[in-house]
Each structure stands twice: as C-alpha cells, then as structure tokens.
Amino acid sequence: GLGLAIVDSLVRLHGGAVTATSAGANQGSEFTVRLPALEGATATPRDAAQASASTSRGKAQVLIVDDNFDAARMLADLLEAHGYSTLATYDGPTALKAVETFRPQVAVLDLGLPVMDGYELARALRSRAELAGTRLVALTGYGQAADRARSASAGFAAHFVKPIDGHALRAVIDKLVDGN
C-alpha cells in the first residue's frame with residue numbers, strides 16, 4: 001500500500017534515501033533507510049507515554065485526525081519539529097472531545113475516517129462558535145477533480161492526497177496561519 005511511499009517521502013524530506021533489494025521471488029526483501037547525521041546532535045528517546053500535544057514556540061495549534069496512527073504521529077512530529085503545537089487524534093468523536101480544551105487554528109482531517117467521516121467531522125467542528133476561525137485541510141487517498149471540488153465546497157481550504165508531501169503541507173499551514 002502506501003507504507004513504502006510514505007517512508008520514502010519522509011526520508012527524502014530529511015535528506016536521506018531508501019533502497020530496496022531482493023534475491024528474487026519468495027526470497028524476501030531488504031529495505032535500507034539512510035539518513036544524514038546532524039553534527040553534534042545527541043539522540044533523546046521519546047517517552048511512549050508522552051502526550052501528543054507539545055509546547056508551541058509561538059506558532060499555531062494544529063489538530064490532526066487520521067485513523068492511521070503512524071501517519072497521524074508522522075504529521076504531528078513533522079509539524080512539531082517546525083514549532084507547531086499539535087494534537088493527534090484517530091477518530092471524529094475523540095477529536096470533538098479534544099477541541100473542548102485544544103483550540104486549533106488548523107485541523108488536518110482524513111476524509112475516510114471510521115465512525116464519522118472527515119466531512120461529518122468538518123461540519124461538527126464548524127458548528128462550534130469557538131472554532132469559527134479554524135481552517136480545515138483535507139487528507140485523502142482520492143485526488144480527482146470531483147474529489148477536490150467536493151472538499152472545497154465543504155469548506156476545506158486545501159486538499160492533499162496521500163502520501164502527503166510534508167513540505168507542501170507545512171507551507172499551506174504557514175499560509176493559513178498567516179491569514180493568506
């Protein structure tokens with residue numbers, strides 16, 4: 001599926017490369033990820049119990065809602081690395097509970113969520129007066145003109161097709177936060 005494409009995209013964003021090799025059919029595969037080391041960098045393990053929300057360095061709060069845990073965490077980590085405060089949730093009802101205390105300026109919503117799809121979640125978020133200024137970004141596996149038109153008519157400011165380009169997402173969020 002999308003896993004290798006997402007890994008390749010993330011690794012390239014960090015200046016690295018992914019290679020795949022195999023001795024042939026039924027011989028298995030080997031994937032190698034190479035990332036450049038930062039001079040003088042020291043690794044600090046992240047506590048697995050650490051909350052998804054992080055302290056902002058003056059940037060906006062971004063809500064990420066994706067039922068793919070790894071994809072949601074990847075986007076949260078990418079945005080946190082650039083100073084955003086993020087909260088990753090994995091379904092609509094949990095996201096709606098979270099916005100009672102977490103007030104995002106931008107919400108990145110997977111349109112294919114279980115229980116409540118991204119369009120339903122967008123309507124629910126829009127119905128809350130305290131979130132009137134929240135800008136919505138659609139995240140989906142569908143990118144035809146009709147799909148983009150539907151998300152635009154539903155009030156999404158941007159439409160991204162998986163696997164997502166992290167630089168492009170960050171650029172759009174920067175513009176949305178700056179009011180452009």
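This is a short presentation on the fold, the cores, the cavity and some individual residues of one chain.

Good morning, colleagues. The model before you is a predicted one. I shall begin with the chain as a whole and then move inward.

The chain holds six helices and seven strands. In sequence order, these elements give the pattern α-β-β-β-α-β-α-β-α-β-α-β-α. There are 180 residues, and 36% of them count as buried. The exposed surface of the chain comes to about 10100 Å², with 53% of it supplied by carbon and sulfur atoms. As for contacts with a separation of 6 or more, 57% are between residues 24 or more positions apart.

Let me turn to the interior. Which residues have the most contacts inside the largest nonpolar core? They are Leu63, Val65, Leu109, Leu121, Leu125, Leu136 and Phe156, in a core of 22 residues. Two or more residues of this core come from each of β3 (61–65), α3 (92–98), β5 (106–110), α4 (118–126) and β6 (135–140). Helix α4 provides the largest share, five residues. Apart from this core lies another, of 20 residues, including Val62, Ala76, Phe160 and Ile173.

Two members of the largest core deserve a closer look. Leucine 109 belongs to strand β5. Is leucine 109 buried or exposed? The cut-off for buried is under 20% relative accessible area; leucine 109 has 0% relative accessibility and therefore counts as buried. Setting aside residues up to four places away in sequence, leucine 109 touches Val65, Gly118, Leu121, Ala122, Leu125, Leu136, Val137, Ala138, Leu139 and Phe156. Its partner valine 65 is 44 residues away in sequence, yet the two C-alpha atoms are 5.0 Å apart. With the same exclusion of residues up to four places away, valine 65 touches Thr89, Asp91, Gly92, Ala95, Val108, Leu109, Asp110, Leu113 and Leu121.

Leucine 169, in helix α6, is another case to consider. Leucine 169 likewise has 0% relative accessibility and so counts as buried. Beyond its neighbours within four places in sequence, its contacts are Leu75, Val108, Val137, Phe160 and Ile164. Its C-alpha atom is separated by 9.0 Å from that of alanine 158, 11 residues apart along the chain.

Towards the start of the chain, we find valine 18 in strand β1 (residues 17–21). Residues up to four places away in sequence not being counted, valine 18 touches Leu4, Val7, Asp8, Val11, Thr32 and Val33. Valine 18 and leucine 4 are 14 residues apart in sequence, with a C-alpha to C-alpha distance of 9.0 Å.

I come now to empty space. Rolling a probe the size of a water molecule over the atoms shows where such space is left. How many cavities of 30 Å³ or more does the count give? It gives one. The largest cavity holds about 50 Å³ of space. Its lining consists of Ile6, Asp66, Ala71, Met74, Leu75, Leu139, Lys162, Pro163 and Ile164. By class, seven of the lining residues are nonpolar, none polar and two charged. Helix α2 (residues 69–81) gives the most to this lining, with three residues.

Two of those lining residues, Lys162 and Pro163, lead to the backbone. Most residues other than glycine have a negative phi, and most peptide bonds are trans. The bond joining lysine 162 and proline 163, however, is a cis peptide bond, with omega at about -5°. Proline 163 is located in the loop between β7 (156–161) and α6 (166–177).

Which residues other than glycine have a positive phi? Asparagine 26 is one of them, with a phi of about 60°. Valine 115 is another, its phi being near 70°. Asparagine 26 sits in the loop between β1 and β2 (30–34), whereas valine 115 sits in the loop between β5 and α4. The cut-off for exposed is over 50% relative accessible area. Asparagine 26, with a relative accessible area of 80%, is therefore exposed. Valine 115 counts as exposed because its relative accessibility is 73%.

To close, I would direct your attention to two places in the model. One is leucine 109, at 0% relative accessibility and among the residues with the most contacts inside the largest core. The other is proline 163, which lines the largest cavity and shares a cis peptide bond with lysine 162. Thank you.

Terms used
Residues are numbered from 1 along each chain as its sequence is written. This is a predicted model: local features need pLDDT of at least 70, side-chain atom pairs count only at pLDDT 80 or more; totals for chains, interfaces and linings use all residues. Side-chain values use heavy atoms; hydrogens and water are left out. A nonpolar core is a set of buried Ala, Val, Leu, Ile, Met, Phe, Trp, Tyr and Cys residues joined through side-chain atoms within 4.5 Å. Buried means under 20% relative accessible area, exposed over 50%, partly exposed in between (1.4 Å probe, protein chains only). Helices (H or I, at least four residues) and strands (E, at least two) are DSSP runs, numbered from the N terminus. Contact means heavy atoms within 4.5 Å. On a 1 Å grid over the protein atoms alone, a cavity is a set of points where a 1.4 Å probe fits but cannot get out, and a pocket is an open set with protein on both sides within 12 Å along at least five of seven lines; lining residues have an atom within 4 Å of a point. Grid points are joined across faces, edges and corners, and a volume is the space filled by probe spheres set on the points. Ala, Val, Leu, Ile, Met, Phe, Trp, Tyr, Cys and Pro count as nonpolar, Asp, Glu, Lys and Arg as charged, and the others, Gly among them, as polar. Accessible areas come from the Shrake-Rupley method with a 1.4 Å probe; for residues, only the protein chains shown count as cover.
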